[in-house]
Amino acid sequence: MNKLLFIMLALLPTYIVAQNLHTVGEDFQFVSYLIGNGMKEEATTLINNRKADCDSMRFLKAYTYYNVMELDSAAKYYTAVGKNSPLRTESLFFGSVANLHLEQPNIAENLLNLVDDTSAMVRNLAMFERAGIKLLKRDFKGFEDCMKLVDTNDYRISSEVAEFTRIKKELQKRDKSPLLAATMSAIIPGAGKVYTGNLGEGIATFLTTGSLIAVTAENWYKSGFYDWKTILFGTLSACFYIGNIYGSAVTVRISRDALNKQRNVQILYNIHIPIRNSYRR
Amino acid sequence: MYKYFTIFIFLFATVIGVKSQDMREADSLLACGQNKLAAVEYERCAFEATSRKELCEALKRKVQCYRNEGRYDKAAETWERCATTQEDYFNYIMCLYLSDQYEKVIELAESCRLLFDSTDMRILLLEVLSLNETGSYGKAQGVAQEMARQSNIDGTIIDSIYKNCPKLKKEEVAMWLSIVPGLGHLYAGCYGKAVTAFLINAAALGFGLWQVFEKFYITAYIGGAGMLSITYLGNFKSANYYVRKSNYTKTIRFNKDCKKMLMEHFSDYR
């Protein structure tokens with residue numbers, strides 16, 4: 001037995017040198033070092049040249065792509081981590097977040113449904129994530145149902161739960177109406193933009209359109225309707241007036257989209273934080 | 001006791017073997033032209049290095065990978081981590097120069113004067129070229145004179161090269177001249193654009209005055225003065241833009257000729 005051990009030890013260097021292998025663990029340490037030192041390009045080059053032939057390597061690939069924000073690949077590899085892997089639960093959580101960033105909430109929800117870890121902490125985290133997804137989908141009833149099952153005393157999610165509640169209240173507020181903005185702008189040019197919160201733009205619109213209307217009025221009064229200046233400034237005024245009405249309606253839509261996007265970013269941030277804290281590497 | 005000692009030796013040999021294998025693997029990748037992958041493997045050697053010497057050795061080879069790829073910015077970043085000798089600094093500065101980081105070249109060349117007793121002439125040459133690129137011709141001439149003195153070259157040659165250095169136009173002067181529309185453009189050397197700028201502003205002013213004369217005061221104020229304010233302010237911006245453009249063209253032309261002449265005279269330090 002001792003002789004066998006001795007021979008094995010003697011052959012070990014030759015074996016390692018011949019195989020030229022770095023273990024996944026070594027690669028993991030090295031990739032973390034590269035990412036931590038801002039060498040994301042190097043990390044991607046290394047990982048692109050590794051075969052995803054085992055769960056640990058698939059996880060490492062996913063981890064790297066996630067950190068360099070190549071979310072398509074990250075989602076793909078997180079999802080590919082096998083059922084029996086100890087990294088499965090973590091992969092499902094991060095895969096779910098990656099899919100949320102890719103605007104795939106249904107896939108993200110399905111991944112969370114695959115979490116079969118029975119520990120109370122994991123189940124609570126999964127339920128919290130589901131609540132976040134419902135909020136992203138603007139399914140307020142679903143959000144309430146999930147939140148009833150979440151243990152809000154869990155230190156990892158307590159502040160995020162408060163944030164979710166605040167965001168939900170904001171989302172339930174009535175949005176500004178494009179029709180009302182357009183009507184206001186038709187009555188007083190620029191008023192629609194003031195209504196959407198763009199005071200400076202509103203004043204500028206009022207002054208421009210108002211000035212052009214004043215010039216048209218002066219020329220109409222002094223030279224008649226068919227004078228070339230009346231026609232020129234009248235056409236310009238009409239264009240600006242109509243443009244201002246249309247612009248107000250569009251501004252409401254743009255600001256509504258921007259606000260929605262901002263809230264989605266807040267939700268995603270609050271979804272990500274507890275997962276990151278639970279699986280910090 | 002003997003058995004454990006043998007095991008220890010083999011384990012030690014294993015570790016050493018694997019470490020040198022990393023460097024060999026990186027070397028073979030570099031030899032195959034797989035520069036990006038070789039750079040990563042050299043970085044791994046640097047990561048696993050147990051001494052400053054090993055670290056620098058790995059990083060210097062990593063630089064070679066980036067140079068082969070033409071990634072001088074990345075090569076310079078790597079040199080920053082391992083440059084120790086004057087030769088290293090020359091290579092570092094060269095990478096900075098090739099990646100158009102002229103301000104950094106000047107800064108580092110000045111630091112080299114403090115770091116090393118004798119100044120490498122090649123570093124001085126790169127400093128002169130970088131000073132030219134930043135338009136600091138006075139300083140560049142001074143450094144070139146210093147080089148000429150050290151190489152026993154006649155200083156009048158340097159003076160003759162810099163005699164034709166472009167006199168760069170000042171944006172502030174163009175701005176003040178643009179108070180009269182078109183004068184700023186004339187200063188920048190754009191005669192056609194100067195006439196256009198003058199005519200556009202004159203037309204806006206003329207329309208405004210005509211409307212005052214016709215007693216169309218609102219039209220005069222909003223149509224004439226409003227239009228004039230736009231064209232008049234635009235005239236300032238435009239003049240500044242053409243001064244910058246003219247300076248850039250002159251600098252490029254002179255620097256190209258100057259570089260060629262300096263390279264001829266200091267051919268030993270290429």
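**Exercise 1. Work out how domains 2 and 3 of chain B sit relative to each other, and what kind of residues domain 2 brings to their contact.**

Step 1. Start with the spacing: the centres of domain 2 of chain B and domain 3 of chain B, taken over C-alpha atoms, are 40 Å apart. Keep in mind that this is a predicted model, in which local features need pLDDT of at least 70, side-chain atom pairs count only at pLDDT 80 or more, and totals for chains, interfaces and linings use all residues. Residues are numbered from 1 along each chain as its sequence is written, while chains are lettered from A and ligands numbered from 1 in the order in which they are written.

Step 2. Now the bounds: chain B is assigned domain 1 (1-69), domain 2 (83-165) and domain 3 (171-258). Such bounds come from an automatic or database domain assignment.

Step 3. Look at who touches whom. Six residues of domain 2 of chain B and four residues of domain 3 of chain B make up the contact, where two residues are in contact if their C-beta atoms, placed from the backbone, lie within 7 Å.

Step 4. Sort the domain 2 side: two nonpolar, three polar and one charged. The classes are Ala, Val, Leu, Ile, Met, Phe, Trp, Tyr, Cys and Pro for nonpolar, Asp, Glu, Lys and Arg for charged, and the others, Gly among them, for polar.

**Exercise 2. Decide whether chain B is spread out or a compact globule.**

Step 1. Count the elements: chain B has 13 helices and zero strands. Here helices (H or I, at least four residues) and strands (E, at least two) are DSSP runs, numbered from the N terminus.

Step 2. Compare the radii. Chain B has a radius of gyration of 30 Å, well over the 18 Å from the globule rule for 270 residues, so chain B is more spread out than a compact globule. The radius is taken over C-alpha atoms, and the rule is 2.2 Å times the number of residues to the power 0.38.

Step 3. Check the box: along the principal axes, the C-alpha atoms of chain B fill roughly 115 × 50 × 30 Å.

Step 4. Add burial and contacts. In chain B, 32% of the 270 residues count as buried; that takes 20 or more other C-beta atoms within 10 Å of a residue's own, with exposed meaning 12 or fewer, partly exposed in between, and C-beta atoms placed from the backbone. Among chain B contacts between residues at least 6 apart in sequence, 45% join residues at least 24 apart.

Step 5. Ask how far to trust it. The average pLDDT of chain B is 88, and 91% of the residues score at least 70; pLDDT is the predictor's confidence in each residue, from 0 to 100. The model as a whole scores ipTM 0.71 and pTM 0.74.

**Exercise 3. Put the corresponding numbers together for chain A.**

Step 1. Chain A comes out with 14 helices and zero strands.

Step 2. Its radius of gyration is 30 Å, whereas a compact globule of 281 residues would be near 19 Å. The box for the C-alpha atoms of chain A is roughly 115 × 45 × 25 Å along the principal axes.

Step 3. Of the 281 residues of chain A, 31% count as buried. Residues 24 or more positions apart supply 54% of the chain A contacts with a separation of 6 or more.

Step 4. The domains of chain A are domain 1 (14-114), domain 2 (118-173) and domain 3 (178-264). Between the centres of domain 1 of chain A and domain 3 of chain A there are 53 Å, over C-alpha atoms.

**Exercise 4. Find the residues that touch the most other members of the largest nonpolar core, then follow V105(B).**

Step 1. The largest core has 89 residues, and those touching the most other members are A62(A), Y42(B), Y92(B), I93(B), V105(B) and V128(B). A nonpolar core is a set of buried Ala, Val, Leu, Ile, Met, Phe, Trp, Tyr and Cys residues joined through C-beta atoms within 7 Å.

Step 2. Leaving out residues up to four places away in sequence, V105(B) touches I93(B), L96(B), Y97(B), L126(B), E127(B) and S130(B).

Step 3. There is also a second, separate core of nine residues, with A174(B), C190(B), A194(B) and A239(B) among them.

**Exercise 5. Place S158(A) and say whether it is buried or exposed.**

Step 1. S158(A) belongs to helix α10 (residues 158-172) of chain A.

Step 2. S158(A) is exposed, because 12 other C-beta atoms lie within 10 Å.

Step 3. Beyond four places in sequence, S158(A) touches T152(A) and N153(A). P274(A) is 116 residues away from S158(A) in sequence, and 9.5 Å away in space, C-alpha to C-alpha.
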